[in-house]
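Trainee: I should like to go through the sheets and the cores of this model. Could we begin with the terms?

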Amino acid sequence: MKIKEKYYESVGEQVYFTRLSNGLTIHLIPKEDYYETYGMITTKFGSVDTRILVNGDERQYPAGIAHFLEHKVFEDEKGQDYLTKFVHLGSESNAFTSFTKTSYLFSTTSKVPENIQLLLEMVSKASFTEKSVSKEREIIQQEIGMYQDSPDYRLFFGALENLYPGTPLADDIAGTRDSISDITIDNLHENFDLFYHPSQMHLLVIGKFDVDPILQVLKEYDQISQLPSIKMERFPVEKNEVKLNQSCRMDVATPKLAIGIRGNDDIKEEEKFRYKLMLKLLFSMMFGWTSQRFQSLYEAGKIDNSLTLEVEVEELFHFVILTMDTKEPVSLSHQFRSAIKQFDKDPDVNQEHLDTIKSEMFGDFLQGLNSLEYSATQFDYFSDGSTSYDLPKILQSISLQDIIKLGHKFIDQAEMVDYMIFQK
């Protein structure tokens, strides 16, 4: 097992990297000044992965299967709950599913090697019964109903459905009531075998621990987990015709507005991180709390601190969504969309403001590193060997001209939609 070490001077972190012969990638980040340790294993399997090529054959699965599998992985072949097993080791565990990933994590103050062994065991084998799947189906259908009762959730996913109609992004990450009913035991086994192969997974351990005992656990795991890999390809998310405007009525104190921008340019995997940072910088300059636009609208009572910016950049899709509470959703939608189209003439898009936003982003990043949970859940790595700890270096290299050039690449061929929630 070859171990690579890298010291990130700007954040004061020593990172160890290795890849096992079975394909599992690993980052170890020991932090002596902490009492706690987080371990997280992530598979490249999210809500968009419902249509794939396996050894040249196309397969399609019901929406929500990644999230369904996340729930079922916590149950062993005897029907026992891994959550309880982690508690017996003195740790807490959790999991979450996103558009492109499923992650399982634990936090502990002791027995780190044992917890890692348990985490690896949990994602190495799966067992499903008709009874347990039927029970889980009811639980997830109730969960879907709870999401639909949340105005902010409906707002975000309403905009996303407008951007990507007829695709997995248009559905709840948990799926729909109908799609959950269509998930079979065979579906679960097939997806587990495909996406829970070590070559699809990444392990991160961060906090107070000794490296050598962890490496010993990994060597033993590598020896017993030699599984044949399967050739698999993902399909890009389809770019069907967008739905320009939609709305609904809910019990809300103030109307809500979401503006979505769908990118149509091509992005390589190694470009994702820099591309995402530049989009965040651009839209923060135009609409963040330090912008003249935000300050004037805030002082006029037209928006409040609810304004949020969501930027997603993946090889298969990329988009920006702005959400806010406002008494004038129609007027602000027109104003914001016009500003986006003319971003290079925006008075807030200037060098001085960019320097301010960069400093703020760097400060938020450093502050986030004080939290092990934040460090674990926000850590990412890329095919060129860079990680999210390269943010300071990448941030420093980005010029205003770079942002304007990328802005044209993204916005000039993008499509924009909005979604509004009005009071009943």
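Mentor: Two strands pair if DSSP finds at least two bridges between them. Strands (E, at least two residues) and helices (H or I, at least four) are DSSP runs, numbered from the N terminus. This is a predicted model, in which local features need pLDDT of at least 70 and side-chain atom pairs count only at pLDDT 80 or more, whereas totals for chains, interfaces and linings use all residues. Residues are numbered from 1 along each chain as its sequence is written, and side-chain values use heavy atoms, with hydrogens and water left out.

Trainee: In the open sheet of seven strands, what is the strand order?

Mentor: The pairing in this sheet is mixed. Its edge strands, β1 (4-8) and β7 (92-97), each pair on one side only. The order is β1-β2-β3-β9-β4-β8-β7.

Trainee: Which residue in β9 is the bridge partner of methionine 40?

Mentor: Strands β4 (residues 37-43) and β9 (residues 201-207) run antiparallel and are joined by seven bridges. In β9, the partner of methionine 40 is leucine 204.

Trainee: Which strands does helix α8 touch?

Mentor: Helix α8 (residues 211-224) packs on the sheet, and its direction makes about 165 degrees with that of β3 (25-30). Axes are lines fitted to C-alpha atoms, for helices over the stretch in contact (heavy atoms within 4.5 Å), and angles run from 0 to 180 degrees between N-to-C directions. The strands touched by α8 are β2 (13-19), β3 and β9.

Trainee: In the sheet of three strands, why is one side of β6 and of β10 left without a neighbour?

Mentor: The order in this open sheet is β6-β5-β10, with antiparallel pairing. β6 (57-60) and β10 (232-234) stand at the edges, so one side of each lacks a neighbour in the sheet, each having a single partner strand.

Trainee: Which helix contributes the largest share of the largest nonpolar core?

Mentor: A nonpolar core is a set of buried (under 20% relative accessible area, 1.4 Å probe, protein chains only) Ala, Val, Leu, Ile, Met, Phe, Trp, Tyr and Cys residues joined through side-chain atoms within 4.5 Å. Of the 61 residues in this core, Leu279, Phe283, Phe336, Ile340 and Tyr389 touch the most other members. The largest share, eleven residues, comes from helix α9 (residues 272-287).

Trainee: How many residues does the other core hold?

Mentor: This core lies apart from the largest one. Phe45, Leu69, Leu119 and Ile214 are among its members, and the count is 53 residues.

Key:
Buried means under 20% relative accessible area, exposed over 50%, partly exposed in between (1.4 Å probe, protein chains only).
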